[in-house]
Amino acid sequence: MGLAADVVGPYRVLAELGRGGMGRVLLASGPDGRLVAVKQVLSGIVEDEGFRARFAREVSASRTVSGAYTAAVVDADPHAAVPWLASVFVVGPSLKEALEATGPLPEQAALRLAAGLATALAGIHAAGVVHRDLKPANVLLAEDGPRVVDFGIARAADADGGRGDLTRTGWLVGSPGFASPEQAEGGELGPASDVFSLGIVLAVARSGVSPFAGSSTLQTLNNVVSGEPDLAKVPGRLRPIVAACLAKDPAARPTPARILELVGSLAPSVRPWPEAVHGMITAQRERVTALVSPGAETVVQTTQPQPVAWNAPPGGRPRMAVPQGAGASFPQRPRANAPAAAIAGSLGLATAAMQVWFAIVNIQLGGPPSEWMGLTWTNILGGFAAALCLAATAALIFARMPAGAWTLCGLSALLFVAVFVSPLLRGETFAHQLHFVFSFHKANGTAVGLTVIGCLLTTTTAAVAARLRSPTQSPRGS
């Protein structure tokens with residue numbers, strides 16, 4: 001849909017790239033045709049007394065940050081009706097998007113990420129800026145390496161003069177899953193706070209889960225402050241680096257320069273990420289190319305996101321403004337066990353094929369439709385209906401959806417029971433039906449017998465697939 005005012009300052013808006021707790025990010029083009037990412041700040045944050053002055057100071061400091069692994073700030077207007085800043089547009093998904101779509105990074109890619117982010121933090125800190133909100137959503141994976149974005153902007157929204165909490169605005173500042181202990185406790189934040197956040201980002205990038213994951217936001221923050229990180233799922237060379245970054249004492253954490261020493265020398269590479277990530281980069285470049293082509297329509301939502309408030313515990317003050325129930329890292333969705341899901345799905349399709357065969361046999365045995373009895377109609381329609389349901393749920397379990405696994409399990413068990421129960425309702429004996437099913441003396445008996453065997457195996461493997469879940473990233477956008 002079009003935007004009522006399709007310009008921000010001198011920039012023409014092309015599309016909305018995303019939105020979060022502090023504002024939204026727009027893809028825009030400048031008078032010289034250069035593409036930029038324009039971040040507009042939430043109107044609620046702007047109403048905070050002193051925000052514009054802090055925003056102007058942080059933008060001024062951020063414009064002194066340079067380096068290969070940051071997206072440079074090129075323009076800003078703290079005094080606009082809706083304050084904004086523009087930075088160099090980077091083609092590539094966020095680390096959050098990449099992890100959700102492709103899973104954890106292999107070791108070499110994770111080490112390159114560590115080196116790039118450490119280099120970026122070194123440049124940010126050298127400019128006198130503390131990022132304060134380093135997380136996968138603020139790390140872009142460009143074709144030649146990572147880029148850190150949004151550095152220093154969180155500080156501008158902090159009404160408490162550089163401390164880690166917001167006691168007056170109530171807006172989202174920082175992310176609980178990636179906060180440092182001093183940030184969680186509302187203390188003074190220095191460069192070491194970013195190093196702690198870096199450690200969590202690297203752990204998530206390598207393992208897919210936060211080392212401080214808790215069942216709630218408060219539990220996560222408590223783990224950050226007083227718990228030991230769970231690094232069992234962070235293998236290889238990255239584990240000691242992450243462990244050093246996650247020291248509770250800020251003074252004990254390594255500097256970005258020391259992190260680079262710990263990473264060591266890396267072989268040169270023109271494709272630092274897994275092929276699936278480079279595929280995402282190519283796809284985004286193609287979408288951007290379509291947006292900037294002549295006659296392309298502006299695609300932007302016209303409403304600004306509403307700030308998310310967090311109520312302080314009784315008798316206390318808020319230490320960090322976060323959404324209720326936020327997880328320890330970005331949302332994750334468990335997936336059904338891959339080998340069991342593949343086997344269950346294949347067995348489900350085989351059982352569906354048996355039901356199709358059973359329906360066809362009844363068509364052949366029944367003669368012309370005008371001569372079909374009620375039982376023949378039931379067998380034909382029931383066979384095709386069971387086959388359709390089995391095929392549909394098999395597709396869901398092939399996608400490794402636990403709900404699909406349980407549905408296939410239940411459907412197979414129901415079909416198994418129906419094979420024996422339905423004849424009993426017609427007055428036949430159980431022994432007669434058992435003989436019919438397993439005698440295999442004619443085609444429809446063979447089809448029913450193989451269906452029963454398939455149902456037993458499918459029920460078992462589908463239940464195994466649903467129980468032995470593998471936590472991976474859910475395919476949701478930023």
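## Close-up views of a predicted model

**View A. Asp144 is an exposed residue, with a relative accessible area of 53%.** This view, like the others here, comes from a predicted model. The value of 53% puts Asp144 in the exposed class because that class begins over 50%. The partner to look for is Arg147: the side chains of Asp144 and Arg147 meet in a salt bridge, at 2.9 Å from N to O. Is Arg147 buried or exposed? Arg147 counts as buried, at 14% relative accessibility. The view therefore shows an exposed Asp144 paired with a buried Arg147. As a general rule, side chains of opposite charge can pair when their charged atoms come close.

**View B. Lys39 and Asp150 form a salt bridge between parts of the chain that are 111 residues apart in sequence.** In this pair, the closest N and O atoms are 2.7 Å apart. Where do the two residues sit? Lys39 belongs to strand S4 (residues 35-41), while Asp150 is in the loop between strand S8 (145-148) and helix H5 (153-157), so the salt bridge ties these parts together. Lys39 counts as buried, with 12% relative accessibility. Asp150 is partly exposed, at a relative accessible area of 22%.

**View C. Within helix H3, Glu100 pairs with Lys96.** How far apart are the closest N and O atoms of this salt bridge? They are 2.9 Å apart. Helix H3 covers residues 95-102, and Glu100 and Lys96 are 4 residues apart in it, so about one helical turn separates them. Glu100 and Lys96 are both buried. If you would like to place this pair in a wider setting, a search of the whole structure finds 9 salt bridges.

**View D. Helices H13 and H14 run roughly antiparallel to each other.** Two packed helices are described by the angle between their axes and the distance between the axes. Here, the axes of H13 (residues 374-398) and H14 (residues 402-425) come within 8 Å and cross at roughly 155°. Why are they called roughly antiparallel? The crossing angle is over 145 degrees, so the pair falls in that class. The crossing of H13 and H14 is left-handed. Residues of H13 that make the contact include Ala386, Cys389, Leu390 and Ile397, and those of H14 include Gly404, Ala405, Leu408 and Leu415. By class, the residues of this contact are 10 nonpolar, 4 polar and no charged.

**View E. Ile397 of helix H13 is a buried residue.** The relative accessibility of Ile397 is 0%. Which residues does Ile397 contact, once neighbours within four places in sequence are left aside? They are Ala341, Ala344, Gly345, Gly404, Ala405, Leu408, Ala462 and Ala465. One of these, Ala462, is 65 residues away from Ile397 along the chain, yet the C-alpha atoms of the two are separated by 8.0 Å.

**View F. Helices H4 and H10 make a left-handed crossing.** The axes of H4 (residues 107-126) and H10 (residues 256-263) come within 8 Å and cross at roughly 160°. H4 and H10 are therefore roughly antiparallel to each other. On the H4 side, the contact is made by Leu111, Ala114, Ala115, Ala118, Thr119, Leu121, Ala122 and His125; on the H10 side, look for Pro256, Ile259, Leu260 and Val263. How many of the contact residues are nonpolar, polar and charged? There are 10 nonpolar, 2 polar and no charged residues.

**View G. Arg237 sits in the loop between helix H8 (217-226) and helix H9 (238-245).** Arg237 counts as partly exposed, with 39% relative accessibility. Leaving out residues up to four places away in sequence, Arg237 touches Glu107, Gln108, Leu111 and Val263. Leu111 and Val263 also belong to the contact between H4 and H10, so you can find them again in View F. In sequence, Arg237 and Leu111 are 126 residues apart, while in space they are 8.1 Å apart, C-alpha to C-alpha.

**View H. The whole protein has 16 helices and 10 strands.** Step back from the close-ups to see how they fit in. Of the 478 residues, 50% count as buried. Among the contacts with a separation of 6 or more, 68% come from residues 24 or more positions apart.

Notes: Residues are numbered from 1 along each chain as its sequence is written. This is a predicted model: local features need pLDDT of at least 70, side-chain atom pairs count only at pLDDT 80 or more; totals for chains, interfaces and linings use all residues. Side-chain values use heavy atoms; hydrogens and water are left out. A salt bridge is a side-chain nitrogen of Lys or Arg within 4 Å of a carboxyl oxygen of Asp or Glu. Buried means under 20% relative accessible area, exposed over 50%, partly exposed in between (1.4 Å probe, protein chains only). Axes are lines fitted to C-alpha atoms, for helices over the stretch in contact, and angles run from 0 to 180 degrees between N-to-C directions. Angles under 35 degrees count as roughly parallel, over 145 as roughly antiparallel, 65 to 115 as roughly perpendicular and the rest as oblique. A crossing is left-handed if the near helix is turned anticlockwise from the far one by less than a right angle, and right-handed if clockwise. Contact means heavy atoms within 4.5 Å. Ala, Val, Leu, Ile, Met, Phe, Trp, Tyr, Cys and Pro count as nonpolar, Asp, Glu, Lys and Arg as charged, and the others, Gly among them, as polar.
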